[in-house]
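Thank you all for coming; today I would like to walk you slowly through the aromatic side chains of one structure. Please have a look at it first, and then we will go through a few ring pairs together.

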Amino acid sequence: MKLTTHLPTITPAALNRATTHPFLRAAGSNTLPKHTLAAWLSQDRLYAQTYVRFIGQLLSKIHLPLTPSARGEASITEKILGILIDALNNIHRELKFFEDVAREYALDLNTPPMELEGGNGGDKEGRFGAAPITRAYIDMFMSASAPGTSLLEGLVVLWATEICYLRAWRYAAGFLEKREGGEDTDGGALREQFIPNWASDEFEEFVAKIGDVVDEVAALEIGGLDEEGKGKGVDALERCERWWRQVVWLEERFWPDVRG
């Protein structure tokens, strides 16, 4: 069993909650208020900015081989380098995408969240800042790419965040497909821009490429997993499982509470 097949099986209920949140249902069903979208998007932009530092610290762990492969094939190190460079390029485009769409649809990217499950996102004067759950995500990124953390663990965190994001917005897209017209409560940003981008085949292909690299590195460090999800590298496997659980826990709480 591959590592990327195993990890989702250890938190089925939490993963389902994280990727079928009421916020996503509202986003796809055209019932999400513009202010709520702006508040979440403002936090997601802070998350994306930290993602740049996260990828940079993972890149610093790479040591390219001194000699080329005898068969001319890319080494696993070169594959990791390629996927991290792609991730960095993608997030650079994503940050510009945030700003362009926000400008087009009049979404304020400095909107303090009124209520996130992680707490208030502004200071006592209501000025914009990272919500507690966003800061927790930032801290996790920094820990997962710290010098004492293996490259495999960092790659697991990268894949975990992306697969959760893809599943979440594919869930939202399912509601979008069932819509029968009606006014866009957010001005059309989700229907016309965000959901098509985050639920796209291109994004799915990128996530799959990360997963392939994770599984290849895991095969070297952990070995093959049996049907019970156990392998030779027990310590490395347990660390990967802890990172997966932490990502899923944070993902569930990163979505704003839209009850009422």
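Let me start with a residue to find on your screens, Y165, which has a relative accessibility of 10% and therefore counts as buried, since the cut-off for that is under 20%. I should say early on that what you are looking at is a predicted model.

Which ring does Y165 pair with? The partner is F203, and the two rings sit edge-to-face, with 6.4 Å from centre to centre and 80° between their planes. F203, with a relative accessibility of 13%, is buried as well. Y165 belongs to helix 7, which covers residues 151–178, while F203 belongs to helix 9, covering residues 201–221, so this pair ties together parts that are 38 residues apart in sequence.

Now please move along to a second pair, Y171 and F175, which is again edge-to-face, at 5.0 Å between the centres and with 80° between the planes. Here both residues lie in helix 7, four residues apart, which is about one turn of the helix. Are these two buried or partly exposed? Y171 has a relative accessible area of 23% and is partly exposed, and F175, at 21%, is likewise partly exposed.

Finally, let me step back to the wider picture, where the count comes to 25 aromatic pairs. Y165 and F203 also appear together in one aromatic cluster, whose members are F23, W40, F97, F98, Y165, W169, F194, W198, F203 and W255.

Terms used:
Residues are numbered from 1 along each chain as its sequence is written. This is a predicted model: local features need pLDDT of at least 70, side-chain atom pairs count only at pLDDT 80 or more; totals for chains, interfaces and linings use all residues. Side-chain values use heavy atoms; hydrogens and water are left out. Rings of Phe, Tyr and Trp (its six-membered ring) pair if their centres lie within 6.5 Å; planes under 30 degrees apart count as stacked, over 60 as edge-to-face and the rest as tilted. Helices (H or I, at least four residues) and strands (E, at least two) are DSSP runs, numbered from the N terminus. Buried means under 20% relative accessible area, exposed over 50%, partly exposed in between (1.4 Å probe, protein chains only).
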